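Reader: I'm in my first year and still learning how to look at these models. Could you pick one part of this one and walk me through it slowly?

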Amino acid sequence: MNFNLSLLLLYALLAILAPHHCQAKSLGKAEDELVRTPRYKRQFSLNFGATHEDGYGTDVNAEAIASLWKSQSGNTKLDGSASYTQHFGGLSGDGKARISGLLTFTHGY
């Protein structure tokens with residue numbers, strides 16, 4: 001149950017970090033050509049892992065990394081990441097979930 005709740009919290013963090021897009025209603029062919037802006041693919045990385053050792057237990061981790069925004073010149077960008085780790089079983093029992101997030105703002109001259 002703790003594992004499912006922790007994954008739900010990680011999903012919520014990802015939803016906050018990932019920008020949502022909505023598509024506007026078409027203005028007509030002539031207006032669409034004037035208002036058309038280039039679309040960029042959003043790419044992100046998801047990493048999952050687990051390590052098990054007899055007598056010690058299992059460590060589970062997940063991480064999501066995404067480029068959230070980039071200026072037209074490419075000199076300025078905002079990246080974000082979220083991570084989840086938790087220990088299950090072993091002598092110490094189940095550990096608490098550790099969830100963290102990071103925003104990185106970069107500007108090059």
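Author: Let's take a close look at strand S1, starting from the whole chain and working inwards.

First, keep in mind that this is a predicted model. The chain has two helices and four strands, and if you follow it from the N terminus, the elements come in the order α-α-β-β-β-β. So much for the layout; now the sheet. The four strands make up an open sheet, lined up as S1-S2-S3-S4, and they pair in the antiparallel sense. Strand S1, residues 44-53, stands at one edge and strand S4, residues 98-107, at the other; each has a single partner strand, so one side of each is left without a neighbour in the sheet. From one strand to the next, the twist averages 15°.

Now zoom in on S1 and its partner. Strand S2 covers residues 57-70, and S1 pairs with it in the antiparallel sense over ten bridges. You can check a couple of these by eye. Leucine 46 has alanine 64 of S2 as its bridge partner, while asparagine 47 is matched with glutamate 63 in S2. S1 and S2 form a hairpin with three residues between the strands, and there you'll find glycine 55 with a positive phi near 85°.

How much of S1 is tucked away? Of its ten residues, the number buried is zero, so S1 lies largely in the open. For the chain as a whole, 16% of the 109 residues count as buried.

Leucine 46 is a handy residue to click on here. It's part of strand S1, and its relative accessible area is 40%, which means it counts as partly exposed: that class sits between the 20% limit for buried and the 50% limit for exposed. Leu46 also belongs to a nonpolar patch on the surface, together with Phe44 and Phe48, and the three have about 370 Å² of accessible area together. One bit of background helps when you look at a strand like this: in a regular strand, side chains alternate between the two faces of the sheet.

Finally, step back out to the full chain. It exposes about 9,000 Å², with carbon and sulfur atoms supplying 58% of that area. And if you take the contacts between residues at least 6 apart in sequence, 47% of them join residues at least 24 apart.

Conventions
Residues are numbered from 1 along each chain as its sequence is written. This is a predicted model: local features need pLDDT of at least 70, side-chain atom pairs count only at pLDDT 80 or more; totals for chains, interfaces and linings use all residues. Side-chain values use heavy atoms; hydrogens and water are left out. Two strands pair if DSSP finds at least two bridges between them. Axes are lines fitted to C-alpha atoms, for helices over the stretch in contact, and angles run from 0 to 180 degrees between N-to-C directions. Buried means under 20% relative accessible area, exposed over 50%, partly exposed in between (1.4 Å probe, protein chains only). Patches are made of residues with over 30% relative accessible area and no salt bridge: like charges are joined within 9 Å, nonpolar side chains (Val, Leu, Ile, Met, Phe, Trp, Tyr) within 5 Å. Accessible areas come from the Shrake-Rupley method with a 1.4 Å probe; for residues, only the protein chains shown count as cover. A salt bridge is a side-chain nitrogen of Lys or Arg within 4 Å of a carboxyl oxygen of Asp or Glu. Contact means heavy atoms within 4.5 Å.
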